[in-house]
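Biologist: I would love to go through this model with you and ask where the labels come from. Could you show it to me before we start?

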Amino acid sequence: MPKFLKIGAFVIGGLVLLVIAALVAASLLFDPNDYRDRIAAAVKDKTGRELTLGEIELQIFPWLNVSISKARLGNAPGFGDAPFAEIAKVSAGVKLLPLLLNKQIEVSAISLDGLHAHLTKDKTGRSNWEDLLKRQDEKPQAPKSKAEAQFDPDSIDIASLSISDAAVSYSDAQTGEHYEIKQLNLKTGALAPNE
């Protein structure tokens, strides 16, 4: 093997080890729980609702895995103190190398455990979710950044979706209707756009 190829292989191997060491160090030194207040403030700013988060766990390599326990999103004003939604634990991961190299999003299994949503309409017909939809519709379309322009939503692949012990309730004060789904369990295979 020529000398320059050996040197090149050592340099590339050294860079790979350096990147792996940096990722391991980041996972050991970086605590995502330090950002809970910032995340809650951003949600409050965008939605006007309170968000509380329990423990946030982060794993960096080879998947960027995030899991959050005991998350709770507050209700719209005028709908009481009961949360709009709460979840015991949510976890998902994104494979790092395809994201960094090809801008392709490969998502590991998304797991939702203990998701409870409370959908309500008051006597005037106003719902506790319509303010979230309006905020999305009212946003002016900002010009896309270079990174956003290069990102293709069709490049998202999700390995699977798992929902366990979910519950959804719907109450309509105008009609007096009340519906509940309890102990919903759902598991899918791979999910990909246009498939």
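Modeller: The protein has 5 helices and 10 strands. Helices (H or I, at least four residues) and strands (E, at least two) are DSSP runs, numbered from the N terminus. This is a predicted model, where local features need pLDDT of at least 70 and side-chain atom pairs count only at pLDDT 80 or more, while totals for chains, interfaces and linings use all residues. Residues are numbered from 1 along each chain as its sequence is written, and side-chain values use heavy atoms, with hydrogens and water left out.

Biologist: What makes Glu50 and Lys44 a salt bridge?

Modeller: The term asks for a side-chain nitrogen of Lys or Arg within 4 Å of a carboxyl oxygen of Asp or Glu. In Glu50 and Lys44 the closest N and O atoms are 3.0 Å apart, so the pair fits the rule. By this rule the protein has 4 salt bridges.

Biologist: Why can such side chains pair at all?

Modeller: Side chains of opposite charge can pair when their charged atoms come close.

Biologist: How do you know that Arg126 and Asp122 meet in a salt bridge?

Modeller: Their N to O distance is 3.4 Å, and the cut-off is 4 Å, so they qualify.

Biologist: Why is Asp122 called buried, and Arg126 partly exposed?

Modeller: Buried means under 20% relative accessible area, exposed over 50%, and partly exposed in between (1.4 Å probe, protein chains only). Asp122 has 18%, so it is buried. Arg126 has 30%, so it counts as partly exposed. Of the 195 residues of the protein, 23% count as buried.

Biologist: And what about Glu180 and Lys182, which of these words fits each?

Modeller: Glu180 has a relative accessible area of 45%, so it is partly exposed. Lys182 is at 59%, so it counts as exposed. Their side chains also meet in a salt bridge, at 3.7 Å from N to O.

Biologist: What makes Asp31, Asp34, Glu55 and Glu57 a patch of negative charge?

Modeller: Patches are made of residues with over 30% relative accessible area and no salt bridge, with like charges joined within 9 Å. Asp and Glu count as negative, and the place of a charge is taken as CG of Asp or CD of Glu. Asp31 is at 33%, so it passes the area cut-off. Asp31 lies in the loop between α1 (3-29) and α2 (36-47).
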